[in-house]
Amino acid sequence: MLVLNGNGHGIVNNLCVPSQVATDYALAGHSLVSATVLNSDLDDNGLSASVTAKMREWFGSSVDAWQHLRTYTIPYALPNQTSPAFDPPVQPLQIRDNIFVCGDHRTNGSINGAMQSGCLVAEEILRNWMPDVRLSAAS
Ligand SMILES: Cc1cc2nc3c(=O)[nH]c(=O)nc-3n(C[C@H](O)[C@H](O)[C@H](O)COP(=O)(O)OP(=O)(O)OC[C@H]3O[C@@H](n4cnc5c(N)ncnc54)[C@H](O)[C@@H]3O)c2cc1C
């Protein structure tokens with residue numbers, strides 16, 4: 001499902017094939033491959049060449065038939081993950097009267113962190129405004 005670069009060096013951090021999940025993401029008979037690079041200073045052409053070379057190392061000459069479609073640069077794709085991001089002090093749930101905030105940036109940059117943050121806010125709202133409603137363990 002997700003190909004991780006396990007040896008810790010080389011330009012590609014991870015790779016996935018989104019068309020395996022949603023077939024509409026590629027033309028019939030083709031696959032959409034997404035390679036993720038972290039913190040590169042290369043321009044688009046240099047990046048594309050380096051990624052292609054790495055892919056050839058991983059997957060062999062079949063990569064010669066691959067076509068580079070697009071490069072997306074995504075600054076701040078995730079909240080700061082540096083230690084101790086996975087054990088942070090709890091960020092305030094309420095920022096103003098009747099305004100609550102939740103999301104990965106309140107806990108840590110993961111689906112688990114985002115869900116935990118959403119749960120904390122939901123519990124806070126229920127505690128304050130709907131004390132008769134109880135969250136079940138499954139929720
Ligand atoms: C490439 C990548 C790979 C990842 N892999 C993993 C993984 O393997 N495992 C894992 O646990 N986590 C992973 N994460 C992290 C995880 O996806 C996020 O931490 C999580 O989705 C954050 O959830 P969220 O609800 O806080 O924010 P988001 O999912 O970012 O949701 C915020 C939503 O708010 C919307 N929005 C923003 N501004 C406005 C506005 N002004 N008005 C209305 N809507 C707005 C956005 O469009 C978005 O839909 C990955 C993240 C990235 C980028």
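Ala, Val, Leu, Ile, Met, Phe, Trp, Tyr, Cys and Pro count here as nonpolar, Asp, Glu, Lys and Arg as charged, and the others, Gly among them, as polar. By these classes, the shell around the ligand holds 4 nonpolar, 4 polar and 1 charged residues. The residues that form this shell are A77, L78, G103, D104, G109, S110, I111, N112 and A114. The model in which they are seen is a predicted one.

The overall layout comes next. The protein has 2 helices and 5 strands, and from the N terminus on these elements follow the order β-β-β-α-β-β-α. The radius of gyration is 21 Å, whereas the globule rule gives 14 Å for 139 residues, so the protein is more spread out than a compact globule. Along the principal axes, the C-alpha trace spans about 65 × 35 × 25 Å. Buried residues make up 5% of the 139 residues. Of the contacts with a separation of 6 or more, 27% are between residues 24 or more positions apart.

The domain assignment divides the protein into domain 1, covering 3–65, and domain 2, covering 78–139. Between the C-alpha centres of domain 1 and domain 2 the distance is 34 Å.

The strands β1, β2 and β3 can be taken together. They form an open sheet of 3 strands in the order β1-β2-β3, with antiparallel pairing. Strands β1 and β3 are the edges of this sheet, as each pairs on one side only. Strand β1 (residues 3–4) is joined to strand β2 (residues 12–16) by 2 bridges, and the two run antiparallel. Within that pairing, V3 has L15 of β2 as its bridge partner. On the other side, β2 pairs with strand β3 (residues 34–37) over 4 bridges, again in the antiparallel sense. C16 has S34 as its bridge partner in β3, and V12 has V37. In a regular strand, side chains alternate between the two faces of the sheet.

The loop between β1 and β2 contains H9. H9 counts as exposed because 5 other C-beta atoms lie within 10 Å, and a residue with 12 or fewer is placed in that class. The C-alpha atom of H9 is 16 Å from that of D41, a residue 32 positions away along the chain.

Helix α1 contains T52. T52 has 15 C-beta neighbours inside 10 Å and therefore counts as partly exposed. T52 and A35 are 17 residues apart along the chain, and their C-alpha atoms are separated by 9.7 Å. Leaving aside residues up to four places away in sequence, T52 touches V63 and H68.

The contact with H68 leads out of the helix, since H68 lies in the loop between α1 and β4. With 14 other C-beta atoms within 10 Å, H68 is partly exposed. Residues up to four places away in sequence again not counted, H68 touches S48 and T52. From H68 to L78 there are 10 residues in sequence, and the distance in space is 25 Å, C-alpha to C-alpha. L78 is one of the residues around the ligand, and domain 2 begins at that position, its range being 78–139.

Two residues outside the helices and strands have backbone angles that can be described in the same way. Y76 sits in the loop between α1 (44–59) and β4 (94–96). Its phi is near 55°, a positive value in a residue other than glycine. Y76 has 7 C-beta neighbours inside 10 Å and so counts as exposed. N98 is located in the loop between β4 and β5 (99–100). The phi of N98 is near 60°, also a positive value in a residue other than glycine. N98 likewise counts as exposed, because it has 7 C-beta neighbours inside 10 Å.

Key. Residues numbered from 1 in each chain as written. Predicted model: local features only at pLDDT ≥ 70, side-chain atom pairs only at ≥ 80, totals over all residues. Pairing = 2+ DSSP bridges. Near = placed C-beta within 6 Å. Rg over C-alpha atoms; globule rule 2.2 N^0.38 Å. Buried ≥ 20, exposed ≤ 12 C-beta atoms within 10 Å, placed from the backbone. Contact = placed C-beta atoms within 7 Å. Domains from an automatic or database assignment.
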